[in-house]
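This report turns to the ring contacts, the nonpolar core and the unusual backbone angles of the model shown here.

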Amino acid sequence: MKIDLIVGAKMDSRRFRFDMAPDATLLDALETLRAGLEADSSARDTVMYRHSCHHGSCGTCGAIVDGKPRLLCLTRLGDLGEGEHRVEPLQTMAWIGDIAVHPGSLFESLPDTDYLVREDGGGQEGPADSSAAAAVRMEDCIECGLCVAACPVTKAFKGPAALAAAAREMAKHGENKARFLAYAGEPDGARACERAFECSRVCPRQVSPGRKITELLALLR
């Protein structure tokens with residue numbers, strides 16, 4: 001199938017044409033472009049994007065596809081259809097170039113939790129050692145930031161990823177309930193949510209942050 005991709009921020013985007021199988025993903029298309037296998041050879045290495053796992057586990061390849069936050073590695077060309085499609089960077093993170101963004105603001109927004117646990121299975125008090133050598137992730141959230149990008153709230157708001165993390169921590173460890181309920185009850189916490197549930201609709205791992213925020217609101221009444 002033939003497909004045209006307009007890639008990059010609106011003021012700095014470029015068009016590329018691909019002729020690929022419908023089951024190829026947007027990430028596959030960008031990878032063939034980077035390898036010089038599509039379009040003209042002068043386009044090689046000119047598109048900046050982030051990726052790692054290629055199967056929806058790492059969360060690094062998030063982008064805005066035709067106005068909707070999606071993972072490039074899970075978005076098949078056949079689902080988009082032939083014609084023109086726009087791929088833009090996630091607007092809630094610091095822009096690096098083309099569709100590459102820096103996820104630092106997302107990580108900084110998350111509360112201190114023990115969603116990372118030591119590989120030896122030992123328990124701990126408070127946040128775990130988060131170094132890659134010492135810990136593994138035990139939660140479904142892959143910190144892709146799609147929920148934050150989809151959220152329509154424009155006022156001060158901790159965001160769906162942070163509040164979902166707080167709700168999950170409370171569910172796992174009742175002894176931390178007061179601390180995380182106070183966190184959720186701050187002015188920019190759960191009450192700032194507009195209950196649009198766009199965050200849950202775009203989540204690639206069905207974490208349902210909107211539902212978790214609703215659960216926090218029930219506890220805050």
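Aromatic pairs, taken as rings of Phe, Tyr and Trp (its six-membered ring) with centres within 6.5 Å, number zero in this structure. The model is predicted, so local features need pLDDT of at least 70 and side-chain atom pairs count only at pLDDT 80 or more, while totals for chains, interfaces and linings use all residues. Residues are numbered from 1 along each chain as its sequence is written, and side-chain values use heavy atoms, with hydrogens and water left out.

A charge does sit over a ring: Lys 158 lies over the face of Tyr 183, at 4.2 Å from the ring centre, where the criterion asks for NZ of Lys or CZ of Arg within 6 Å of the ring centre and within 35 degrees of the ring normal.

The largest nonpolar core (buried Ala, Val, Leu, Ile, Met, Phe, Trp, Tyr and Cys residues joined through side-chain atoms within 4.5 Å; buried means under 20% relative accessible area, with a 1.4 Å probe and protein chains only) has 58 residues, and those with the most contacts inside it are Leu 5, Phe 18, Leu 26 and Leu 72. Helix α5 (residues 160-172) gives the most to this core, with six residues; helices are DSSP runs of H or I with at least four residues, and strands are runs of E with at least two, numbered from the N terminus. Leaving aside residues up to four places away in sequence, Leu 26 touches (heavy atoms within 4.5 Å) Leu 5, Val 65, Leu 72, Thr 75, Leu 77, Leu 80 and Val 87.

Two residues other than glycine have a positive phi, and they are set out below with their accessibility (exposed means over 50%, partly exposed lies between 20% and 50%).

| Residue | Phi | Loop | Relative accessible area |
|---|---|---|---|
| Asp 66 | about 50° | between β3 (62-65) and β4 (68-71) | 41%, partly exposed |
| Gln 206 | near 55° | between α7 (198-202) and α8 (209-220) | 60%, exposed |

Notes
Rings of Phe, Tyr and Trp (its six-membered ring) pair if their centres lie within 6.5 Å; planes under 30 degrees apart count as stacked, over 60 as edge-to-face and the rest as tilted.
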